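Visitor: I should like to go through this structure with you and ask, at each step, on what grounds a term is applied.
Guide: Certainly; let us look at it together.

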Number of protein chains: 2
Amino acid sequence: MTYCLGIITRAGLVIASDSRTNAGVDYISTYQKLFDFSVPGERVLILCSSGNLSITQGIITILEKDIQGNEANNLHNIPTMYEVARYIGSKLREIQNEDRPWLEKDRIDFSCSLLLGGQIKGQPPELYLIYSQGNCIHATRDTTFLQIGETKYGKPILDRTLTFETDLAAAAKCALLSIDSTMKSNISVGPPIDLIMYQTDSFVIKHQLRLALGDPYLAKIRKLWENSVKEAFDRMPDIEWQYKRESDENILID
Amino acid sequence: MTYCLGIITRAGLVIASDSRTNAGVDYISTYQKLFDFSVPGERVLILCSSGNLSITQGIITILEKDIQGNEANNLHNIPTMYEVARYIGSKLREIQNEDRPWLEKDRIDFSCSLLLGGQIKGQPPELYLIYSQGNCIHATRDTTFLQIGETKYGKPILDRTLTFETDLAAAAKCALLSIDSTMKSNISVGPPIDLIMYQTDSFVIKHQLRLALGDPYLAKIRKLWENSVKEAFDRMPDIEWQYKRESDENILID
């Protein structure tokens, strides 16, 4: 499994991913799922992938090849974020076209999805989710985050804390805690954690972090958050139990 | 969708469920999913259901009919919790046998699952999950909670706070917050919330709560928890960004 998320706020972007891959529970590996295709000073492009590894690796390989071959369309010259998302979707479709019939025959899950976050000079930052079918959606002021992979465990903290006005450092902290909650509840999501924070109009990634398995900072954050949640939980008042009707007699409880 | 959970601790049991049912997003209804089959003073039996509503309603109807008909095997005379779980599983199989081919033909999801918590005099309390196939597992000291339905959003809070030694009032509070997190992230889980707290060896349910849509207590708990989580979040230190290697030059960040 995988968990990647992207957040867009007034101040910029946060992109994060885990690095665990599994083929069944008995074959667990580590693969980076966050890729930086930026051209510092000109454009920032961060890609995260989830789903069938052979297909997502294939997509990344083609994206790199097109840059190296200086193709008419590549990640370094496509003029808008929307067109970049559509271009990545078209590469995804190319590989799906070739491999899907073979995977389908053996009932192998061929689905995958990608997150694309970034900014091209002269345009605002944008955050896209590219679906397994190659189509895409983008995050908006109302829905400031997009997730792929194992999305549910880490969603409550995002729902409770994020808005478009959240400051960027808080958004990054929230992303890390969202991944931590997911790792806690699903062992198929795991370190290294890749985290990037990008400030609007800087056109360079100044904040980047990779937290490996056993990293003391990751352990510290996890412990701190666990204690904070426990304290918050302890401070919550006990339930106010009400009347309970039992048989024909009303018993007042507590 | 549905979300039900059961918790077993040294002190007793907590069982909770939502009451929202949907057939697609355009047909949302309210159905109670928590059923009390207790015989006060003798046995406490609480059942929660999730999945295909026609099948789970059918199971409940048969269970009631067997009690009313004073059948050789019914919920009021079966001697152990394990046998009760197996008996419920056999009723589930009866209905699946009859309906499944018809549902399968039209690709209608016929799966369902049940939680069974309770205590029969002379035996310890137990908590079972009965699968759609009629087989079952029970919670243990190592795994003190079982969930059915939309289980993921509400799992992190359980993972972070529950152990077999958690006191019963805290376990009940935890169950309510777990349901609240689920309702916050998935609108197909919703009130009324049914919540039961049972103290070992009391053989009567003294603590029971039904929180309807718009209930001010539910709104208060939600607001309190939201504020507590936000405060916990605010108290967390910002991320300590490290060196980032960029091209060939090392830049110290912050």
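Guide: A point of method comes first: copies are superposed by least squares on the C-alpha atoms of residues with pLDDT of at least 70 in both. The model is a predicted one, and among the residues of chain B, B:Tyr153 comes closest to the rotation axis, with its C-alpha at 2.4 Å.

Visitor: What makes the relation between chain B and chain A that of a two-fold axis?
Guide: Two copies of a chain are related by a rotation about an axis and a shift along it. Here a turn of 180° and a shift of 0.0 Å along the axis lay chain B on chain A with an RMSD of 0.0 Å. That is therefore the relation of a two-fold axis. The same surface serves both copies, since 100% of the contact residues of chain B recur in chain A.

Visitor: How many residues does each chain bring to the contact, and what area is buried between them?
Guide: Chain B gives 57 residues and chain A gives 57 residues. About 5,500 Å² is buried between the two chains, and carbon and sulfur atoms give 62% of this area. In chain B, the residues that lose the most area to chain A are B:Arg160, B:Phe233 and B:Trp241, together 17% of what that side buries.

Visitor: Why is the pair B:Arg160 and A:Asp180 called a salt bridge?
Guide: The cut-off is a side-chain nitrogen of Lys or Arg within 4 Å of a carboxyl oxygen of Asp or Glu. The side chains of B:Arg160 and A:Asp180 meet at 3.3 Å, N to O, so the pair satisfies the rule. The rule finds 8 salt bridges across the interface of chain B and chain A, as well as 20 residue pairs in polar contact, both residues being at pLDDT 80 or more. Several elements of chain B each supply at least two residues of the side that touches chain A, among them helix H3 (155-161) and helix H5 (216-235). The largest share of that side, 14 residues, comes from H5(B).

Visitor: Which residues are linked in a network of salt bridges?
Guide: A:Arg160, B:Asp180, B:Lys184, B:Arg222 and B:Glu226 are linked in such a network. Over all chains, the structure holds 26 salt bridges.

Visitor: What makes A:Glu226 and A:Lys184 a link between separate parts of the chain?
Guide: Their side chains meet in a salt bridge at 3.3 Å, N to O. A:Glu226 lies in helix H5 (residues 216-235) of chain A and A:Lys184 in helix H4 of chain A, so the pair ties together parts that are 42 residues apart in sequence. A:Glu226 has a relative accessible area of 12% and is therefore buried, the limit being under 20%. A:Lys184, at 29%, is partly exposed.

Visitor: How do you know that B:Lys33 and B:Asp18 are buried?
Guide: Relative accessibility is 3% for B:Lys33 and 0% for B:Asp18; buried means under 20%, so B:Lys33 counts as buried and so does B:Asp18. The two side chains meet in a salt bridge at 3.0 Å, N to O.

Visitor: Why does A:Arg107 count as exposed?
Guide: Exposed means over 50%, and A:Arg107 has 81% relative accessibility, so it counts as exposed. A:Arg107 also has a positive phi of about 55° although it is not a glycine, and is found in the loop between helix H2 (81-105) and strand E7 (112-120) of chain A. B:Asp201 likewise has a positive phi, near 70°, and counts as exposed at 53% relative accessibility.

Visitor: Where in chain A does pLDDT stay under 50?
Guide: It does so over residues 243-254 of chain A, for which the model has 19 contacts beyond four places in sequence. Where pLDDT is low, the predicted coordinates should not be read in detail. Strand E14 (residues 249-251) has the lowest mean pLDDT among the elements of chain A, 39, and strand E8 (residues 126-130) the highest, 98. Chain A as a whole averages 91, and 95% of the residues score at least 70.

Technical notes: Residues are numbered from 1 along each chain as its sequence is written. Chains are lettered from A and ligands numbered from 1 in the order in which they are written. Side-chain values use heavy atoms; hydrogens and water are left out. Helices (H or I, at least four residues) and strands (E, at least two) are DSSP runs, numbered from the N terminus. Buried means under 20% relative accessible area, exposed over 50%, partly exposed in between (1.4 Å probe, protein chains only). pLDDT is the predictor's confidence in each residue, from 0 to 100. Contact means heavy atoms within 4.5 Å. Buried area is the accessible area (1.4 Å probe) that two parts lose on being put together, summed over both. A polar contact is a pair of N or O atoms within 3.5 Å; within protein, one must be able to donate a hydrogen and the other to accept it, and residues adjacent in sequence count only if both atoms are side-chain atoms.
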